[in-house]
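Colleague: I am new to this one, so could you put it up and walk me through it?

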Amino acid sequence: MKKQTSAQQGQVKVSRLPSRRQIFRCWELYVFLLAPVVLIFLFGYVPMYGIQLAFKDFKAGLSIAEQPWVGLKHFKRLANLPNLKRLVVNTVRISLFSAIFTFPFPIFLALLLDETRSRKFGKLVQSVTYFPHLISLVVVMSLFRVLCNPRSGLINIIIRMLGGGAIDFFAEPDWVTPIWIISSIWQNTGYGAIVYVAALAGVDQEQIDAARVDGCSRFMVTRYIKLPAIMPTIITMEILHLGQLFSVGADKMLLITNNMNIAKSDILSVYVYQVGLVQGQFGFGTAVGLVNMAVNILCLLVANGLARKYSETSLF
Amino acid sequence: MSKAKINSDRIYLWIVNAFLLLFLLICAYPLYFVVIASISDPAAVNLGRVLLLPKKLTLDAYRHILENKSILIGYKNTIIYTTVGTLINICVLLPGAFALSRKELPFRKAFIVYFMITMYFGGGLIPTYLQVRSLGLMDTMWALVLPGAFSVYNSLVCKNFFEANTPADLFDSARMDGAGYTTFFFSVVLPISKAIIAVMVLFHALGHWNSYMSAMYYITNPQKYPLQLVLKNMQGELDTLAASGSVSAGSLKELTNLIEGVKYSIIPVSTIPVALLYPFAQKYFVKGVTMGSIKG
């Protein structure tokens with residue numbers, strides 16, 4: 001998400017519609033845009049038309065337009081859902097806690113990388129810490145399952161060596177959020193650090209040198225020059241997180257959730273999948289998805305407003 | 001500078017390096033452990049004897065995996081989906097982004113708005129599923145590669161790159177020589193855009209390689225499962241098998257051991273292609289993140 005507007009501002013204001021000649025002169029560009037326009041129409045806009053299913057009962061054999069209207073039936077059912085509170089609380093808990101606990105690590109790593117005098121070592125650390133980001137979620141969660149296995153997992157072996165009792169992490173509801181957060185930290189710290197490393201590279205070297213001559217220790221330079229210098233980036237990143245408060249990915253949770261930990265691993269996106277695609281309740285599933293999306297957009301708008309107010313970047 | 005200050009700085013740098021080493025080990029050790037565990041005797045692993053070096057080398061787990069038809073099929077499918085999918089992505093993305101980067105294009109803003117709306121607003125899971133189904137794409141590769149074929153976000157990244165790297169008068173002079181947009185795109189723009197093309201190829205290819213969700217939605221035939229979905233399903237099977245194995249110990253001990261070994265070996269097997277590519281591609285991955293400035 002970058003400053004999209006700066007590029008457009010350079011454009012000359014066109015007060016009249018473009019002439020046929022102008023359009024014809026660019027015919028090749030329209031050919032270039034044909035495939036994207038069609039693809040986005042088919043898979044972006046046509047599904048939007050299908051949102052009406054949220055207000056309809058789905059019967060096989062009928063087209064979307066022919067399905068019978070049922071008004072707010074699905075929304076009423078959602079509002080009276082015994083699990084609704086649990087779904088919302090679980091979703092918010094995971095996104096909130098993961099935003100709070102994961103954000104310091106990339107900043108810390110980036111500051112360390114900027115501080116070390118050994119270039120080669122820094123490069124090595126950056127390469128290795130970035131790598132987990134490239135591994136698929138399926139494999140990362142397999143890795144965590146293997147390490148957390150109550151009998152043979154490394155973590156439980158260590159716990160037993162220290163005299164503790166084995167814990168079946170994936171069977172305990174209370175471990176759902178920690179597993180989520182720790183795996184995110186493990187997978188994304190090196191990736192997240194890149195943005196801050198780039199921001200730190202832009203810190204005024206003369207200012208640092210001057211501070212050093214005036215007797216500042218390296219730690220003081222970090223604390224009073226570098227950290228404030230990357231503060232705008234940190235604030236922007238945090239605000240952007242806020243925009244995703246209710247969009248916790250089903251892809252990762254489907255790899256963690258099971259019958260034993262469902263009390264805390266039941267989240268909105270997984271519920272839409274379960275009720276919609278697995279159980280085939282298309283109308284109700286669409287309604288839940290629609291509510292989730294509406295809340296997401298609301299969060300995004302709030303986050304964008306905050307970003308406009310408190311930082312230089314905004315989404316749109 | 002005073003001696004005390006030099007000393008305190010030295011200690012500080014030691015602490016910095018110690019923390020960096022900690023980050024390095026936390027990221028690398030789990031992966032290293034999985035590799036050595038996968039080539040060790042499962043019994044030794046279970047007893048916690050395999051921590052630094054493999055014990056009683058055995059390749060049974062790998063042999064077992066290579067005998068597993070579904071993994072091989074998954075591998076083959078994923079290679080096909082990744083190749084075809086990435087090819088389509090690139091062929092749609094680059095020309096589209098180039099067109100959007102031309103400021104003289106009439107209705108340019110309208111096109112950008114048309115695309116960007118879908119970044120924030122969509123039909124959601126079920127309407128998208130029904131659309132894929134009504135297009136007759138169920139159980140075909142096209143269900144995996146077409147819905148996300150044009151990435152709006154990446155097209156904006158490419159558009160910005162083209163805008164920044166093709167000077168405005170470059171096209172005018174090309175036009176004087178009689179070149180149209182197509183010639184200009186292929187003979188001028190693409191050759192100076194190698195860096196971003198590499199980034200886009202890598203990101204899209206990795207996305208296809210790692211994805212399992214769309215296959216879970218759209219593919220029901222196990223013969224067409226991609227690798228990640230095979231792995232996910234296998235993980236589930238291993239869990240149930242291991243649970244039943246531990247109950248009736250003794251005769252099943254051998255089987256349980258094998259399962260434990262396979263659990264480790266599926267991780268390297270599915271990650272090897274990415275790991276092999278990584279040293280060569282690393283600089284592009286890093287570049288890609290900073291190009292997109294925030295999101296990658």
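Modeller: What follows is a walk through some helix packing, aromatic rings and single residues. This is a predicted model, in which local features need pLDDT of at least 70, side-chain atom pairs count only at pLDDT 80 or more, and totals for chains, interfaces and linings use all residues. Residues are numbered from 1 along each chain as its sequence is written, chains are lettered from A and ligands numbered from 1 in the order in which they are written, and side-chain values use heavy atoms, with hydrogens and water left out.

Colleague: At what angle do α3 of chain A and α10 of chain B pack?

Modeller: Helix α3 (residues 27–49) of chain A and helix α10 (residues 181–189) of chain B pack at about 65°, and their axes are 8 Å apart. Axes here are lines fitted to C-alpha atoms, for helices over the stretch in contact, with angles running from 0 to 180 degrees between N-to-C directions, while helices are DSSP runs (H or I, at least four residues) numbered from the N terminus. That angle makes α3(A) roughly perpendicular to α10(B), a label that covers 65 to 115 degrees.

Colleague: Which residues make that contact?

Modeller: From α3(A) they are A:Glu28, A:Leu29 and A:Phe32, and from α10(B) they are B:Tyr181, B:Thr182 and B:Phe185, where contact means heavy atoms within 4.5 Å.

Colleague: Changing topic, how many aromatic pairs are there over all chains?

Modeller: A search of the whole structure gives 34, counting rings of Phe, Tyr and Trp (its six-membered ring) whose centres lie within 6.5 Å, with planes under 30 degrees apart called stacked, over 60 edge-to-face and the rest tilted. In one of them, A:Phe108 and B:Phe23, the ring centres are 5.9 Å apart and the planes are at 55°, so the pair is tilted. This pair crosses between chains, running from helix α6 (residues 104–115) of chain A, which holds A:Phe108, to helix α1 (residues 3–38) of chain B, which holds B:Phe23.

Colleague: Are those two rings' residues buried or exposed?

Modeller: A:Phe108 is partly exposed, at 33% relative accessible area, whereas B:Phe23 counts as buried at 11%; buried means under 20%, exposed over 50% and partly exposed in between, with a 1.4 Å probe and protein chains only. Another pair is A:Phe144 with A:Trp186, whose centres are 6.3 Å apart and whose planes are at 75°, so the pair is edge-to-face. A:Phe144 is in helix α8 (residues 137–148) of chain A and A:Trp186 in helix α10 (residues 176–201) of chain A, so the pair ties together parts that are 42 residues apart in sequence. Both A:Phe144 and A:Trp186 are buried.

Colleague: And which charged end sits over the ring of A:Phe284?

Modeller: That is the charged end of A:Arg77, 3.7 Å from the ring centre, where the rule asks for NZ of Lys or CZ of Arg within 6 Å of the ring centre and within 35 degrees of the ring normal. The charged end of A:Lys56 likewise sits over the ring of A:Trp69, 4.4 Å from its centre.

Colleague: How many residues of α6 in chain B are buried?

Modeller: In helix α6 (residues 125–134) of chain B, 8 of the 10 residues are buried, so the definition of buried leaves this helix mostly covered. Its buried residues include B:Tyr129 and B:Gln131, and they pack against helices of both chains, among them α3 of chain A and α12 (213–218) of chain B.

Colleague: Last one, where is B:Arg102?

Modeller: B:Arg102 is in the loop between α4 and α5 (108–120) of chain B, and at 7% relative accessibility it counts as buried. Not counting residues up to four places away in sequence, B:Arg102 touches several residues, including A:Leu29, B:Phe171 and B:Tyr181.

Terms used
Helices (H or I, at least four residues) and strands (E, at least two) are DSSP runs, numbered from the N terminus. Angles under 35 degrees count as roughly parallel, over 145 as roughly antiparallel, 65 to 115 as roughly perpendicular and the rest as oblique.
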